[in-house]
Amino acid sequence: MTTALALVLVVILTALVFEYINGFHDTANSIATVVATKVLNPTQAVALAAGMNLIGALAGTAVAKTISSGLIDAEVVEVTSQLIICALSGGIIWNLITWWFGLPSSSSHALIGGLCGAALAAADNSFDALIWSRAAEDWTKSQGIFWKVVVPMISSPVAGFTLGLLMMGALMAIISAMNGAGGWIARISRPRWVNALFGKAQIVSAAYMGFAHGTNDAQKTMGIIALALIGAEASGTLDNLPGWLAFMHPGDSEGIETWIVVTCAVVMAAGTAAGGWRIIKTLGHKMVKLHPIHGFAAETSSATILTLAAHFGMPVSTTHSISTAIMGVGVAKNPRALQWTVIQKIVWAWVLTIPAAGLMAYLLLKGVMALGWG
């Protein structure tokens, strides 16, 4: 086995480590509210999230294609195994730091930041290494950091907050109207009945959230592995693969191989099953006190945004959408009930994620190059 091929295998292993960490780091995104409202216990919630993550991860590859071909210009910088390993390592380090402090930062943006930082290091600080904007007649097929990162990074939190606020407001209006109707309608709108109804409904919304998380987050690592294999094929590294590794040859450059999809889906589900209780505590308990109706509104709002983004190949942050949906629900409930100091820390984690992960990846690759390994 050649050194170059060994590095490709290290890339795949590192990518799967990132996927596993993404699973337990972002578990809280899909189950924090259902645990906080006591609809499911942590073990039941993790099992539900892991299963739905697996199904969601198998549902499509649009986001994977964005990561594999829509951010780094391969004509300007060679996408080497060292570059990808450093990009992934930058994202992994930042994820572990934020997980340790219980901050729900974005694994998606950590990965994107790592890719951008490593690409800049490999291109001797030339920003031409990054695809900034490539508009298409059909805007859903546009490429580049502006269309696939900046636009969804701004729009998804706004959409999460707005949809959470509107959905919670609509549910409160319906319950208020039922209260005023009198008779049996008023009786079923009492808190006990409302909690019982939405306790059942929240199991469905939590499953929807787990599915949506899988459709978006799992695909990012699929894209990284595909990117590594395409680069290795172009450099001739895969020309003389042993028979037992023949499956590694990339097929259609427009698609993601089935073995990549299945492997990433299973690894993310395993990571999800490991749980992420530090972040669950922040999202489910510290921002605002939740009841089943609030959890249902937040999960449904966030999952809808993630599903739409995955359809258009946008690597949207699960963390951003669910956090802002919870904020929107909290404002509809009572703006003074929100813990603004906790929210401030979360926002700072969001702001710092791309530059911090990018800087770590940049420094790692510069170090590798200085040692003559790049």
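A quick definition before we start: on a 1 Å grid over the protein atoms alone, a pocket is an open set of points with protein on both sides within 12 Å along at least five of seven lines, and its lining residues have an atom within 4 Å of a point. Grid points are joined across faces, edges and corners, and a volume is the space filled by probe spheres set on the points.

This is a predicted model, where local features need pLDDT of at least 70, side-chain atom pairs count only at pLDDT 80 or more, and totals for chains, interfaces and linings use all residues. Residues are numbered from 1 along each chain as its sequence is written, and side-chain values use heavy atoms, with hydrogens and water left out.

**Exercise 1. Describe the second largest pocket: its volume, its lining and the chemistry of that lining.**

Step 1. Start with the volume, which is about 230 Å³.

Step 2. Now list the lining: M168, M172, I175, S189, R190, P191, V194, N195, H291, I293, H294 and K333. Helices α6 (145-181), α8 (191-235) and α11 (292-311) are the elements that give two or more residues to it. Helices here are DSSP runs of H or I with at least four residues, strands are runs of E with at least two, and both are numbered from the N terminus.

Step 3. Sort the lining by type: six residues are nonpolar, four polar and two charged. For the sorting, Ala, Val, Leu, Ile, Met, Phe, Trp, Tyr, Cys and Pro count as nonpolar, Asp, Glu, Lys and Arg as charged, and the others, Gly among them, as polar.

**Exercise 2. Sketch the overall make-up of the protein chain.**

Step 1. Count the elements: 13 helices and zero strands.

Step 2. Check burial: 53% of the 374 residues are buried. Buried means under 20% relative accessible area, exposed means over 50%, and partly exposed lies in between (1.4 Å probe, protein chains only).

Step 3. Look at the contacts, meaning heavy atoms within 4.5 Å. Of those between residues at least 6 apart in sequence, 84% join residues at least 24 apart.

Step 4. Finish with the surface: the accessible area is about 15600 Å², and 67% of that belongs to carbon and sulfur atoms. The areas come from the Shrake-Rupley method with a 1.4 Å probe; for residues, only the protein chains shown count as cover.

**Exercise 3. Find the salt bridges and say where each partner sits.**

Step 1. Get the rule straight: a side-chain nitrogen of Lys or Arg has to be within 4 Å of a carboxyl oxygen of Asp or Glu. Side chains of opposite charge can pair when their charged atoms come close. Searching the whole structure turns up two such bridges.

Step 2. Take K366 and D124, whose side chains meet at 3.9 Å, N to O. This pair links distant parts of the chain, with K366 in helix α13 (residues 340-370) and D124 in the loop between α5 and α6, 242 residues apart. K366 counts as partly exposed because its relative accessibility is 26%, while D124, at 58%, counts as exposed.

Step 3. Turn to K220 and D217, where the closest N and O atoms are 3.1 Å apart. Both residues lie in helix α8, three residues apart, or about one turn of the helix. K220 is buried, with a relative accessible area of 1%, and D217 is buried at 0%.

**Exercise 4. Work out the surroundings of A119 and Q202.**

Step 1. Place A119 in helix α5 (residues 107-122). Its relative accessibility is 0%, so A119 counts as buried.

Step 2. List what A119 contacts beyond its neighbours within four places in sequence: I72, V77, L83, A129 and L130. A119 and L365 are 246 residues apart in sequence, yet their C-alpha atoms are 9.0 Å apart.

Step 3. Do likewise for Q202, which sits in helix α8 and is buried at 0% relative accessibility. Not counting residues up to four places away, Q202 touches T33, V34, T37, V39, P292, G295, F296 and E299.

**Exercise 5. Examine the positive phi values of K38 and N125.**

Step 1. Recall the background: most residues other than glycine have a negative phi.

Step 2. K38 has a phi of about 65°. The loop between α1 (3-36) and α2 (42-57) holds K38, which is exposed at 70% relative accessibility.

Step 3. N125 has a phi near 70°. N125 is in the loop between α5 and α6 and is partly exposed, at 42% relative accessibility.

Note on methods. 1 Å grid on protein atoms, 1.4 Å probe; cavity = no way out; pocket = protein on both sides within 12 Å on 5 of 7 lines; lining within 4 Å.
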